[in-house]
Amino acid sequence: MPITKDPDNTAAGPAIILVEPQLGENIGMVARAMANFGLSELRLVNPRDGWPSEKARAAASRADHVIDAVEVFDDLASALADLNFVFATTARQRDGFKSVRGPVEAGRMLRARHAMGQRTGILFGRERFGLYNDEVGLADEIVTFPVDPDFSSLNIAQAALLMSYEWMKSGLEDETRTNFSGPEMKPASKEELHGLFTYLEGALEARGYFRPAPKKPKMVDNLRAVLTRAGFAEPELKVLRGIISSLDRFSPAMPRGDGSPGDDPRRLPAAAARARKAEATGRAPDASGDDTDTPLLGGKGTDND
């Protein structure tokens, strides 16, 4: 289930701190990533092009609540002063004694500290070269991403999105649950499946599919093996029966390639009746060739039988 937000200010989760960000567009994309995953507190330390930034607002793609609440600080120590615990993000191994976590573990740690009422933050460095060692030294621990060592540089918005995602995921009751799911369909019964087998085999027999005749039992076995592997739901079998029924309208009197099924001479009276009805009502006749008053050839012929 999605997490529920508390009415207090800590509900927004960890603060995202950007140190000397260079481009307003990157700031805006960070704000957008934060909003995607329920974060709203963005702090900037000496943004190169100043603040506010219309480029940042445009790139935020309507995450205006994040942009409007941005706080700007002259130095990193001031930006971290009210926080109890901070992760510094880096792709490089650093000298020192700090613990290093992956993003999954870091997200869970932040969630646990948040539950205890602590104020937390995630620190991101400059687009060009990240954080200085002394800036990493102001954080409590390091978080790094399992990237390719030969291409480890992440765009700042990508890094913020990864951590924001792990924050959101850590608050779900089931980390594999999605916000929406596919339709729940009743599994088809064996009776319904066997009915499809019989219907399909009859249609194929009429078309001379089972050739040579001695191979029919093996061909039927293969056909049933293919259809039983899928594990069809009841609505799916109805779709298949409708397809087969539509194809089954072709008969020895109207072989495949000899025109539309609607051109079958046995259907012409119904077509003429439709034309007269359309002329009387001023509506164009139905070009589909179907008529509910005339039985379809070779099967029931609906998507619902």
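The side chain of Arg111 reaches the backbone oxygen of Trp167 at 2.6 Å. This is a predicted model. The protein has eleven helices and seven strands. Of its 305 residues, 40% count as buried.

**Overall build**

- Among contacts between residues at least 6 apart in sequence, 78% join residues at least 24 apart.
- The exposed surface of the protein comes to about 18200 Å². Carbon and sulfur atoms supply 54% of that area.

**Arg111, a buried charged residue**

- Arg111 sits in helix H5, which covers residues 103–115.
- Its relative accessible area is 17%. The cut-off for buried is under 20%, so Arg111 counts as buried.
- The partner of the Arg111 side chain is a backbone atom, the oxygen of Trp167.

**Thr89, at the end of strand E4**

- Strand E4 spans residues 85–89, and Thr89 belongs to it.
- Thr89 has 10% relative accessibility, so it counts as buried.
- The Thr89 side chain also finds a backbone oxygen: that of Leu123, at 2.8 Å.
- Leu123 appears again in the contact list of Thr89. With neighbours within four places in sequence left aside, that list reads Ile122, Leu123, Phe124, Leu131 and Val143.

**Leu39, a buried loop residue**

- Leu39 lies in a loop, between helix H1 (24–36) and strand E2 (42–45).
- Is Leu39 buried or exposed? At 1% relative accessibility, Leu39 is buried.
- Its contacts beyond four places in sequence include Ala12, Gly13, Pro14 and Ile16. Met34, Val66, Ser164 and Trp167 are also in contact with Leu39.
- Trp167 is thus named twice: Leu39 is in contact with it, and its backbone oxygen takes the Arg111 side chain at 2.6 Å.
- Leu39 and Val66 stand 27 residues apart in sequence. Their C-alpha atoms are 8.2 Å apart in space.

**The largest pocket**

- The volume of the largest pocket is about 380 Å³.
- Lining it are 21 residues, of which Thr90, Ala91, Arg126, Gly130 and Leu154 are the closest to its centre.
- What is the class make-up of the lining of the largest pocket? Nine residues are nonpolar, seven are polar and five are charged.

**The cavity**

- How many cavities of 30 Å³ or more are there? The count is one.
- The largest cavity holds about 30 Å³ of space.
- Its lining includes Pro21, Gln22, Leu23, Gly24 and Ile27. Pro47, Arg48, Asp49, Gly50 and Ser53 also line the largest cavity.
- By class, the cavity lining has four nonpolar, four polar and two charged residues.

**Backbone points to check in the viewer**

- Most residues other than glycine have a negative phi, and most peptide bonds are trans. The residues below depart from one pattern or the other.
- Trp51 and Pro52 are joined by a cis peptide bond, with omega about 10°. Pro52 is in the loop between E2 and helix H2 (54–59).
- Arg211 and Pro212 are joined by a cis peptide bond too, with omega about -5°. Pro212 is in the loop between helix H8 (190–206) and helix H9 (216–229).
- Glu20 is not glycine, yet its phi is positive, near 45°. Glu20 is in the loop between strand E1 (15–19) and H1. With 32% relative accessibility, Glu20 is partly exposed.
- Arg62 also has a positive phi, near 75°. The loop that holds Arg62 runs between H2 and helix H3 (64–68). Arg62 has a relative accessible area of 72%, so it is exposed.

Notes
Residues numbered from 1 in each chain as written. Predicted model: local features only at pLDDT ≥ 70, side-chain atom pairs only at ≥ 80, totals over all residues. Heavy atoms only, no water. 1 Å grid on protein atoms, 1.4 Å probe; cavity = no way out; pocket = protein on both sides within 12 Å on 5 of 7 lines; lining within 4 Å. Points joined across faces, edges and corners; volume = space filled by probe spheres on them. Nonpolar A, V, L, I, M, F, W, Y, C, P; charged D, E, K, R; others polar. Helix = DSSP H or I, 4+ residues; strand = E, 2+ residues; numbered from the N terminus. Buried < 20%, exposed > 50% of the residue type's maximum accessible area, 1.4 Å probe, protein only. Polar contact = N/O pair within 3.5 Å; in protein donor to acceptor, adjacent residues only side chain to side chain. Contact = heavy atoms within 4.5 Å. Areas by Shrake-Rupley, 256 points an atom, 1.4 Å probe, with all protein chains shown as cover.
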